[in-house]
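Here are my notes for someone opening this one for the first time. Have the viewer ready and follow the points in order.

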Amino acid sequence: MDFKQFLLVLRRRWRSAVAVFLLAVGISTGISLAITPQYESTAKVFLAVDVRNATDAYAATLFLSTRAESYADLAGSSELAERVIDVLDLDMTAAELSGRISSEVIEETSLITITVTDPDARQAQKIADVVTSEFQTYTEELETPGDGGESQIDVRLTDAPEYNPDPVKPNLVLNIVAGALIGLLLGIALAVAREVLDRTVRTAENIAEVTDAPVLASVGFDNQIKSSPLLTDLGTFAARTEAFRLLRTNLQFIDLDQKARVLVVTSAVPGEGKTMTATNLAIALAQTGRTVLIVDADLRRPRVASALGVDPAVGLTTALVGKTQIEDAIQVHEASGLHVLASGAKPPNPTEILQSRVTHDLIRRLRQSYDMIIIDAPPLLPVADASVLSTLADGAILVVRHGQTTRDQVVDAVNRVTQVGGRLYGVVVNMVAKRAIGSYYYYYYEETKPVEQQRRQGSRKK
Ligand SMILES: Nc1ncnc2c1ncn2[C@@H]1O[C@H](COP(=O)(O)OP(=O)(O)OP(=O)(O)O)[C@@H](O)[C@H]1O
Ligand SMILES: [Mg+2]
C-alpha cells in the first residue's frame with residue numbers, strides 16, 4: 001500500500017477511524033474524571049553535621065553523602081508512619097501512610113524533599129507537617145550515640161510544607177492528549193486492517209485478481225431504482241442509462257467472429273441485481289431497433305414480469321409443458337418494444353426443467369427469431385440452474401455487487417460457469433457506492449474502457 005492508497009483508504013474508512021478516535025478521547029476523559037484527585041504537599045530539610053564533633057568538614061561532607069539516601073528512606077519507614085498516625089490520630093495503617101510519603105535526596109546536596117500525597121489538599125499539608133517534624137526527631141534519635149551525648153546530625157527544615165490547591169493527579173489535559181493520540185493511531189490501524197481484511201470487490205483490480213474476464217460496465221447505486229427501475233423510466237442522460245449504453249457498446253466487441261446471440265445474466269449470490277441488469281440491458285438493446293427477447297429463467301424467484309409490468313402467469317414453463325404455443329407465451333413491453341418470455345407457473349423441479357431437451361430445443365428455435373436473447377437466471381452458488389443455463393447460452397455475464405460480493409464468491413461463481421463448459425463474457429459491477437465514484441474507483445469503474453482496449457492492454461502485459 002503506497003501513500004496515495006493509504007490516503008484513499010482513510011478517505012473511505014474515515015468514519016470508523018473517527019469513531020475510534022472519539023471513543024478513545026471519551027474513555028480517557030471519563031477515566032480522568034472518575035479518578036479521585038490527589039494533592040501534594042512538599043517539605044525540604046537540610047542535613048547538617050556538627051563539624052566540631054567530626055574530624056573535619058571534608059569528612060562531614062563524605063559522611064552525609066554516604067548516609068543521605070538512608071535518611072531519605074527513613075521518611076517512608078513504618079516506624080515514622082506509626083508515629084505520625086499516633087500524633088494525628090489518623091484512621092489508616094502504617095503501610096497505607098508510608099505509601100503516601102515519598103522522599104528523595106536532591107542530587108549532590110544534603111537536601112531531602114519529603115512529599116505527602118492525599119485526596120485532601122489541607123490534609124496533605126497537615127500530614128507533611130507532622131511527617132517532617134517526626135522525621136527530624138526520629139533521625140536525630142537514631143544518630144544519638146548509645147552512651148549518651150548529642151546527635152551528630154542536625155536536621156533543619158528549610159522549606160515548610162505548603163498548601164497546594166491544584167491536584168497533581170489526574171492530569172486531565174495530558175490524559176486527553178494521550179487518549180487522542182492513542183485513538184488516532186488505533187483509528188488509522190483499524191481503517192488499514194479493515195481494508196486489508198476486506199475481501200469484497202471494490203475495484204476493477206479486485207476482479208482482475210480473480211478472473212481474466214473484463215469489467216464490461218459499472219452501474220452506480222441508484223436511490224431512485226424503486227420508483228423508476230427501468231431505463232424507459234429514465235432520461236437519456238441519466239447515469240444508469242449511460243452505464244447500460246456502455247455495457248451495450250462493450251458487448252459488441254465480444255466474440256467478433258461468432259456474434260453473441262444468447263446471453264445469460266447471473267451472479268454468485270441472490271440480490272446482486274441480476275434481474276435489473278438483464279431487464280435494462282435487454283431494453284437498451286431493444287432501443288437500438290434490434291429484436292430482443294428477455295427470458296425469465298429464474299423459475300424459483302421470477303421477477304422479470306413484474307419489473308416489466310406483464311402477466312407473470314404465462315411464460316416459459318407454460319410453453320414447455322405445451323399448454324400454450326411459444327408465440328402466445330411471449331408478451332411485449334410496449335415502452336421499449338422488448339419481447340418478454342416470463343417464467344410461467346412455478347415448477348417443483350426447476351433444474352431438471354432447464355436441463356431438459358425441450359428447453360434446449362426451445363432456445364434453439366427462439367435463436368432463429370431474435371437478434372439477441374437475454375436470460376435472467378438464478379444465482380450460481382446456491383443452485384445449479386445458472387450453470388445449466390450458461391451451457392444453453394453463448395456466454396454469461398456475471399453481476400457483482402460492489403462492496404458486497406467477495407472475491408472468493410466471484411472465483412466460485414466463475415468456476416461454476418467454466419466447469420460446465422460455459423463461457424464468461426465479462427463482469428458488470430452493480431450498485432457502486434457513490435463515494436467510490438470520483439475517487440480512484442472512478443478510474444476503474446466509471447471509465448471502464450471498451451473491451452477491445454482492455455484486451456489489447458491485457459495481451460501487451462503478457
Ligand atoms: N444499481 C442499483 N442501485 C440500487 N439498487 C439496485 C440496483 N440494482 C438493483 N438494485 C436493487 O437490488 C435489489 C435486488 O435487485 P434484483 O432483483 O435485480 O437482484 P437479483 O440478483 O435479480 O435478485 P434475486 O437473486 O433475488 O433474483 C432490488 O431491490 C433492486 O431494486
Ligand atoms: Mg432476480
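1. Start with Ala433 and what it touches. Setting aside neighbours within four places in sequence, Ala433 is in contact with Phe221, His402 and Gly403. You'll find Ala433 in the loop between strand S12 and helix H17 (440–446). Is Ala433 buried or exposed? Neither label quite fits: Ala433 is partly exposed, because it has 15 other C-beta atoms within 10 Å, and a residue needs 20 or more to count as buried, while exposed means 12 or fewer. If you'd like a long-range pair to click on, take Ala433 and Asp233, which are 200 residues apart in sequence and 22 Å apart in space, C-alpha to C-alpha. Keep in mind throughout that this is a predicted model.

2. Step back into S12 and look at Met431, which is found in that strand. Met431 has a positive phi of about 55 degrees although it is not a glycine. Met431 counts as buried because 22 C-beta neighbours lie inside 10 Å.

3. Asp89 makes a good companion to that. Phi of Asp89 is also positive, near 55 degrees, and here again the residue is not glycine. Where does Asp89 lie? It is in the loop between helix H3 (78–88) and helix H4 (94–100). Asp89 is exposed, since there are just 6 other C-beta atoms within 10 Å.

4. Now the ligand. Ligand 1 has 18 residues around it, and those that come nearest are Pro270, Gly273, Lys274, Thr275 and Met276. Two elements give two or more residues to this shell: helix H9 (274–286) and strand S12 (424–432). Which of them gives the largest share? That is H9, with 3 residues. By character, the shell divides into 7 nonpolar, 5 polar and 6 charged residues.

5. H9 deserves a look of its own. H9 has 13 residues and reaches 18 Å from its first C-alpha to its last, close to the 18 Å expected at 1.5 Å a residue. As for its surroundings, 13 of the 13 residues of H9 are buried, so the helix is largely enclosed by the rest of the structure.

6. Helix H15 (residues 385–392) is mostly covered too, with 7 of its 8 residues buried. The buried ones are Asp385, Ala386, Ser387, Val388, Leu389, Ser390 and Leu392. What does the covering? The list includes strands S6 (262–267), S10 (372–376) and S11 (395–401), along with helices H13 (350–355), H14 (357–369) and H16 (407–419).

7. A word on the record for this part of the chain. UniProt, in an unreviewed entry, lists residues 262–410 as "domain: AAA". In the model that stretch is 39% helix and 21% strand, and its end C-alpha atoms are 22 Å apart.

8. Turn to the start of the chain and helix H1 (residues 3–34). H1 has 32 residues, but its end C-alpha atoms are only 40 Å apart, short of the 46 Å that a straight helix would reach at 1.5 Å a residue. Where is H1 kinked? There is a kink of about 75 degrees centred on Arg13. The buried residues of H1 are Arg12, Ala17, Val20, Phe21, Ala24, Val25 and Ser28, and what covers them includes helix H6 (172–197).

9. That brings us to H6 and its approach. The unreviewed UniProt entry carries the annotation "transmembrane region" for residues 172–193. In the model those residues are 100% helix and 0% strand, with end C-alpha atoms 31 Å apart. In the loop between strand S4 (153–159) and H6 sits Pro170. The peptide bond from Lys169 to Pro170 is cis, with omega near -10 degrees.

10. Last stop: Thr139, in helix H5 (residues 121–142). Thr139 is buried, because 23 other C-beta atoms lie within 10 Å. Which residues does Thr139 contact, leaving aside neighbours within four places in sequence? They are Tyr71, Leu74, Ile153 and Val155. Thr139 and Ser151 are 12 residues apart in sequence and 8.9 Å apart in space, C-alpha to C-alpha.

Conventions:
Residues numbered from 1 in each chain as written. Chains lettered and ligands numbered in written order. Predicted model: local features only at pLDDT ≥ 70, side-chain atom pairs only at ≥ 80, totals over all residues. Near = placed C-beta within 6 Å. Helix = DSSP H or I, 4+ residues; strand = E, 2+ residues; numbered from the N terminus. Nonpolar A, V, L, I, M, F, W, Y, C, P; charged D, E, K, R; others polar. Contact = placed C-beta atoms within 7 Å. UniProt positions renumbered as here; feature names shortened; annotations may be inferred. Expected span 1.5 Å × (residues − 1). Bend = angle between axes of the 7 residues up to and from the residue.
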